[in-house]
Amino acid sequence: MARIGVVQLARIAGVSASTVSRALAGAPGISADTRARISNLAVQHGFRLNQTARAFRRGQTGTIGLVLPLGHGETQHLSDPFFMSIIGHLADALTERGLELLLSRIIPTDGSWLDRILSSGRIDGAIVIGQSNQSDVIERAARAGAPVVVWGAYRPGMAQITVGTDNVEGGRLAGHHLLARGRHNLLFVGNPQVPEFADRFTGLGEAVAGSGARLDLLPLDLTAAEAEAGMRAHLAHHAAPDGVFAASDVIAIGVIRALVAQGLAVPSAVSVVGYDDVSIAQHSQPPLTTIRQDVAQGVRHLVDLLLRQLAGETVQSIRMQPELIVRESS
């Protein structure tokens, strides 16, 4: 009988490859009935139990590192609503699989911070949230075969495995929406050092191209307070835009505060669109039009891809489709 691999066995069993690997490795969180059924199918189909178990549990900590590198914005904190959302979903997803989470907020001072985390002996693999300006560091670790999955921007040809929305398409959605609202003096607010933000700006530019609309860039960082202060300074020296696409919902909320403080009503004078659809977006004043990222689905992909890496599988990056959510700010 020809031997089969973990993916084929998973299809036969009707479960994910990571569930097969964890069941055969004796990991917690798998029911006795499921473990027995998968083990029996493995024997029937000539699957090598011991090799798979060793491959999955080659680290022995049972802990996954969650790493947030802040090379571009040291003032950003874990209380950021997007971080809080993704951390909560990751904690739940890992707990369901019997795994622990080790959280690290990193202010990079050299190019070895990720190597130190991965070689510390404290984790089996890492999920990195955002490439910041550290994509080269992450790429080097990925090319060395490190078990790392990234929430971030996809680039063809890179080794790092990413999960995220199609940020260029998200920018296009925002641009087309603002143009449809009759806005022709547009401003993108966000730091293009962040690869995801750079892609959002690119998509906005593609939507605007040929429309006759004007597009400017205000490269502000990530907190609402910084966005508000930066937007106030911008308005003191420039004509007000009639449409703003902010690189995140948090930035958008700071921008709205600055606009209102200058007597510019939202949305009658200025339409504002954010990105992420964090929980505060629908409760802002006015409720925020935004580009939704499905964080819950993204987290499931992050965990599944990392566990499959640890099981010895070859995996591919995943880009999810963004969705325009129209509320009162535009």
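Right after helix H7 comes Gly 145, a residue with a positive phi near 90°. Please keep in mind that this is a predicted model. Helix H7 itself covers residues 135-143, and its buried residues are Val 137, Ile 138, Glu 139, Ala 141 and Ala 142. In helices generally, there are 3.6 residues a turn, so residues three or four places apart point the same way. The cover over the buried residues of H7 includes helix H6 (113-118), S3 and strand S4 (148-151).

**Strand S1 and its neighbours**

Strand S3, one of the elements covering H7, also leads us to strand S1. S1 runs over residues 63-69, and seven of its seven residues are buried. In a regular strand, side chains alternate between the two faces of the sheet. How are the two faces of S1 covered? On one side sit Thr 63, Gly 65, Val 67 and Pro 69, on the other Ile 64, Leu 66 and Leu 68, and all of these are buried.

S1 has two pairings to look at. With strand S2 (residues 100-106) it pairs in the parallel sense over seven bridges. Pro 69 of S1 has Ile 106 as its bridge partner in S2. With strand S3 (residues 125-129), S1 again pairs in the parallel sense, over four bridges. Here Leu 66 finds its bridge partner in Ile 127 of S3.

**Backbone features worth a look**

If you are checking dihedrals, two peptide bonds deserve attention. The bond joining Val 266 and Pro 267 is cis, with omega about 10°. Pro 267 lies in the loop between helix H11 (249-261) and strand S9 (271-276). The bond from Gln 285 to Pro 286 is cis as well, with omega near -5°. Pro 286 has its place in the loop between S9 and strand S10 (289-292).

Next come two aspartates. Asp 276 belongs to strand S9, and its phi is positive, about 125°, although it is not a glycine. Asp 277 is found in the loop between S9 and S10; its phi is near 60°, again a positive value in a residue other than glycine. Are these aspartates buried or exposed? The relative accessible area of Asp 276 is 8% and that of Asp 277 is 18%. Buried means under 20%, so both values fall in that class.

Here are accessibility values for four residues discussed in this report.

| Residue | Relative accessible area | Class |
|---|---|---|
| Asp 276 | 8% | buried |
| Asp 277 | 18% | buried |
| Ala 240 | 34% | partly exposed |
| Gln 44 | 48% | partly exposed |

**Ala 240 and Gln 44**

Ala 240 is in the loop between helix H10 (224-237) and strand S8 (243-246). Which residues does Ala 240 touch, leaving aside those up to four places away in sequence? They are Asn 185, Leu 235 and Leu 264. For Leu 264, which is 24 residues away from Ala 240 along the chain, the C-alpha atoms of the two are separated by 8.5 Å.

Gln 44 sits in helix H3 (residues 32-44). How far is Gln 44 from Thr 109 in space? The C-alpha to C-alpha distance is 53 Å, with the two positions 65 residues apart in sequence numbering.

**The chain as a whole**

Stepping back, the secondary structure amounts to 12 helices and 12 strands. The radius of gyration is 22 Å, close to the 20 Å that the globule rule gives for 330 residues, so the chain is as compact as a globular protein of that length. The C-alpha trace spans about 70 × 40 × 35 Å along its principal axes.

Of the 330 residues in the chain, 54% are buried. Among contacts between residues at least 6 apart in sequence, 73% join residues at least 24 apart. For the surface, the chain exposes about 13900 Å², with carbon and sulfur atoms supplying 49% of that area. As for charges, there are 28 positive and 29 negative ones, and their mean positions are 8 Å apart.

Definitions and conventions: Residues are numbered from 1 along each chain as its sequence is written. This is a predicted model: local features need pLDDT of at least 70, side-chain atom pairs count only at pLDDT 80 or more; totals for chains, interfaces and linings use all residues. Side-chain values use heavy atoms; hydrogens and water are left out. Buried means under 20% relative accessible area, exposed over 50%, partly exposed in between (1.4 Å probe, protein chains only). Two strands pair if DSSP finds at least two bridges between them. The radius of gyration is taken over C-alpha atoms; the globule rule is 2.2 Å times the number of residues to the power 0.38. Contact means heavy atoms within 4.5 Å. Accessible areas come from the Shrake-Rupley method with a 1.4 Å probe; for residues, only the protein chains shown count as cover. Lys and Arg count as positive and Asp and Glu as negative; His and the chain ends are not counted. The place of a charge is taken as NZ of Lys, CZ of Arg, CG of Asp or CD of Glu.
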